[in-house]
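Visitor: Please put the model up on the screen. I have some questions about how its helices pack.

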Amino acid sequence: MLSQESWWPSDPETEDDVRARCRSFHKRMAGTHDWPEVLVVSHWGFIRGLTGHEAKNGEVLSFDPTAAS
């Protein structure tokens with residue numbers, strides 16, 4: 001039997017939760033050799049937490065997870 005994939009947390013995500021998720025993603029991408037070939041589509045809150053930039057709808061940003069912050 002296949003398990004249901006969960007796309008949304010059962011509880012509201014706090015700012016601290018988003019920051020922790022961003023740190024985890026950043027670390028995982030920095031350790032991936034093909035990160036320059038990866039395209040990520042996300043909501044503005046995650047992009048802001050990852051880059052500090054408040055992206056507009058449809059805006060495209062470059063992100064280097066290996067660059068010093």
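What follows is a short exchange on two helices and the core they share.

Visitor: Which residues of helix H2 are buried?
Guide: This is a predicted model. Helix H2 covers residues 44-51. Buried means under 20% relative accessible area. In H2 the buried residues are Gly45, Phe46, Ile47 and Leu50.

Visitor: Which helix is included in what covers the buried residues of H2?
Guide: Take the contact between the two helices. On the H2 side are Gly45, Phe46, Arg48, Gly49 and Leu50. Among the partners facing them are Val18, Cys22 and Phe25 of H1. The cover of the buried H2 residues includes helix H1, residues 15-30.

Visitor: At what angle do H1 and H2 pack?
Guide: Two packed helices are described by the angle between their axes and the distance between the axes. Here H1 passes H2 in a right-handed crossing. The axes lie 9 Å apart, and the packing angle is about 65°.

Visitor: How many residues of the contact of H1 with H2 are nonpolar?
Guide: The contact is mixed by class. There are 3 polar and 3 charged residues. The nonpolar count is 5.

Visitor: Which helix gives the largest share of the largest nonpolar core?
Guide: That core has 6 residues: Val18, Cys22, Phe25, Met29, Phe46 and Leu50. H1 and H2 each supply at least two of them. The largest share, 4 residues, comes from H1.

Visitor: What does Met29 touch, leaving out residues up to four places away in sequence?
Guide: Met29 belongs to the largest nonpolar core. Contact means heavy atoms within 4.5 Å. With those sequence neighbours left out, Met29 touches Trp35, Val38 and Pro65.

How values were computed. Residues are numbered from 1 along each chain as its sequence is written. This is a predicted model: local features need pLDDT of at least 70, side-chain atom pairs count only at pLDDT 80 or more; totals for chains, interfaces and linings use all residues. Side-chain values use heavy atoms; hydrogens and water are left out. Buried means under 20% relative accessible area, exposed over 50%, partly exposed in between (1.4 Å probe, protein chains only). Axes are lines fitted to C-alpha atoms, for helices over the stretch in contact, and angles run from 0 to 180 degrees between N-to-C directions. A crossing is left-handed if the near helix is turned anticlockwise from the far one by less than a right angle, and right-handed if clockwise. Ala, Val, Leu, Ile, Met, Phe, Trp, Tyr, Cys and Pro count as nonpolar, Asp, Glu, Lys and Arg as charged, and the others, Gly among them, as polar. A nonpolar core is a set of buried Ala, Val, Leu, Ile, Met, Phe, Trp, Tyr and Cys residues joined through side-chain atoms within 4.5 Å.
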